[in-house]
Amino acid sequence: MARFDWLIRNGRVIDPQYSIDRVTQIAISGSKIAAIDDALSPGDAAQVYDATGQLITPGLVDLHIHGYHHVTPLGIDVDHFCLGRGVTTAVDAGSAGCDTFSGFRHFAADTCKTRLLAFLHISRAGLAFSSRTGGDDPGELETLKLVNARDCIECIETNRDLIVGVKIRLSSSIADDGRNEAQSFERAQEAARSVKLPLMTHHNFSSVSLNDCPGKMDAGDIYTHCFHAYPNTILEAESHKIHDSVLGARSQGILFDIGHGMGSFSWTVAEACAQQNFWPDTISTDIHSLNMDGPVYDMPTVMTRMLQVGMPLPDVIRASTLTPAKTIGWDDRIGTLEVGREADITALRLEDSALELEDCHAQLRQLSHRFVPKAVWRAGEQGAITQAQRLPNPESYEAAIAWRSKLIVQDSEAS
Ligand SMILES: [Zn+2]
């Protein structure tokens with residue numbers, strides 16, 4: 001009888017928690033990591049995965065996805081787009097509110113292999129009937145009757161095994177032309193503070209200023225979509241310098257998250273931030289039904305974008321594993337490779353690539369490398385890898401051009 005169920009062999013193991021970056025061997029027994037040891041050999045395990053030339057990382061943690069499949073317009077097949085691309089833990093960002101959370105548990109979290117956690121929306125409806133912001137869709141903050149901190153708190157208290165924070169979207173178009181934004185923001189802060197969990201804010205086309213959001217958020221709160229180029233971008237429109245209120249927020253401990261999404265990643269903004277040494281704390285996709293086939297594609301593609309703008313490889317891995325785990329208070333369980341923990345492990349290959357990759361506004365950059373998912377284990381069980389069918393996808397590229405008119409920061413040649 002072999003000592004172990006799996007041996008992951010000869011991969012370049014990168015684990016930010018322990019500053020590990022070297023070729024070694026990892027063994028899995030049952031659902032747990034059993035050993036990390038250079039001396040392990042293929043005869044020790046029933047099954048061997050040869051990771052020569054690949055990166056082996058803690059299972060990726062995507063802090064912002066939409067996984068309430070078949071119930072909300074934005075919901076996706078989580079195992080296909082998350083686990084299949086190397087994400088072992090995905091955090092749904094507000095698809096459910098207190099009135100719809102029980103369905104989220106039973107029909108989404110309990111049915112997928114990906115570990116699916118959630119930020120609870122401050123609106124009791126979550127994203128049951130709304131999808132995009134900045135358009136004509138009805139929104140979850142159209143009436144303050146939908147925004148009840150007490151009921152949100154009660155739902156969190158009874159579902160702390162899955163709920164890791166509170167979510168709000170601050171956009172005028174979904175909040176009675178902005179009339180309900182400030183009050184809803186206050187109620188969301190009240191709820192998050194009461195349960196001592198982070199608040200994640202989406203903030204664009206909003207009547208709430210940068211001075212208030214992220215300026216008046218709390219340490220540990222998460223400002224997602226941090227590289228969007230719309231009104232309320234973190235850059236000053238002319239100089240492309242980062243707003244003082246944003247730098248102040250970072251120094252106070254507010255966290256900045258990519259939340260790429262359909263409209264929230266601009267090469268121009270990401271590059272300007274890189275030049276000012278302003279890197280995201282966490283890399284996340286905001287993957288949903290309208291962007292899963294471009295421009296988001298998946299977590300490895302969003303990680304590729306950060307590598308492309310100059311974020312060092314170990315920092316890209318840290319922002320996709322350990323830091324999101326810490327952000328939700330789960331770093332005692334996920335985000336690192338440690339003997340005795342659940343075996344959530346991802347194999348990626350960093351391939352040479354000359355692909356021209358679009359941002360959310362059909363602005364292109366020629367890559368030098370890209371991450372490609374190769375294998376994944378969730379609690380010791382190997383998951384099925386899926387690949388994006390069309391990358392890049394010309395249809396999503398064409399659709400993105402229409403949004404350029406709304407930008408206040410963009411490439412000079414595109415204006
Ligand atoms: Zn989202």
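A cavity, as the word is used here, is a set of grid points where a 1.4 Å probe fits but cannot get out. The model on display is predicted, and this tour begins with its enclosed spaces.

**Stop 1: the largest cavity**

The structure contains three cavities of 30 Å³ or more, and the largest of them has a volume of about 260 Å³. Please select R132, T133, H202, D286 and H288, which lie nearest the centre of this cavity among the 21 residues that line it. Colouring the lining by class will show seven nonpolar, 10 polar and four charged residues. D286 should remain selected, since the next stop returns to it.

**Stop 2: the zinc ion**

Which protein atoms act as donors to the zinc ion? Display H64 and H66, each through NE2, together with D286 through OD; these donors lie 2.0 to 2.2 Å from the zinc ion. Along the sequence, the donor residues follow the spacing H-x1-H-x219-D. H64 belongs to strand β6 (residues 60-65), whereas D286 sits in the loop between α6 (267-275) and α7 (299-308), so the pair ties together parts that are 222 residues apart in sequence. Both H64 and D286 are buried. D286 therefore appears at two stops of the tour: as a zinc donor and as one of the residues nearest the centre of the largest cavity.

**Stop 3: the second largest cavity**

Next, select P58, G59, R115, R333, I334, G335, T336, R341, E342 and D344, the residues that line the second largest cavity. The space within this cavity amounts to about 50 Å³. Its lining comprises two nonpolar, three polar and five charged residues.

**Stop 4: the cysteines**

How many disulfides does the structure hold? The number is zero. C152 is in no disulfide, and the nearest cysteine sulfur, belonging to C98, is 6.5 Å away; a disulfide would require the two sulfur atoms to be within 2.5 Å. C152 is buried, with a relative accessible area of 0%. Moving to C213, one finds that this residue is likewise in no disulfide, the nearest cysteine sulfur being that of C226 at 12 Å. C213 is buried because its relative accessible area is 0%, and the cut-off for buried is under 20%.

**Stop 5: two cis peptide bonds**

Return to the loop between α6 and α7, where P295 is found. The peptide bond joining G294 and P295 is cis, with omega of about 5°. D286, the zinc donor, lies in this loop between α6 and α7 as well. Then select L391 and P392, which are also joined by a cis peptide bond, with omega near 0°. P392 is placed in the loop between β17 (381-382) and α10 (394-401).

**Stop 6: positive phi angles**

The tour ends towards the start of the chain, with the backbone of two residues. N10, in strand β1 (residues 4-15), has a phi near 65°, a positive value in a residue other than glycine. Is N10 buried, partly exposed or exposed? N10 counts as partly exposed because its relative accessibility is 25%. Finally, select S19, in the loop between β1 and β2 (20-29). S19 is not a glycine, yet its phi is positive, at about 50°. With a relative accessible area of 66%, S19 is exposed, as the cut-off for exposed is over 50%.

How values were computed
Residues are numbered from 1 along each chain as its sequence is written. This is a predicted model: local features need pLDDT of at least 70, side-chain atom pairs count only at pLDDT 80 or more; totals for chains, interfaces and linings use all residues. Side-chain values use heavy atoms; hydrogens and water are left out. On a 1 Å grid over the protein atoms alone, a cavity is a set of points where a 1.4 Å probe fits but cannot get out, and a pocket is an open set with protein on both sides within 12 Å along at least five of seven lines; lining residues have an atom within 4 Å of a point. Grid points are joined across faces, edges and corners, and a volume is the space filled by probe spheres set on the points. Ala, Val, Leu, Ile, Met, Phe, Trp, Tyr, Cys and Pro count as nonpolar, Asp, Glu, Lys and Arg as charged, and the others, Gly among them, as polar. Buried means under 20% relative accessible area, exposed over 50%, partly exposed in between (1.4 Å probe, protein chains only). Donors are N, O and S atoms within 2.8 Å of the metal (3.2 Å for Na, K and Ca); water is not among the atoms, so sites may look incomplete. Helices (H or I, at least four residues) and strands (E, at least two) are DSSP runs, numbered from the N terminus.
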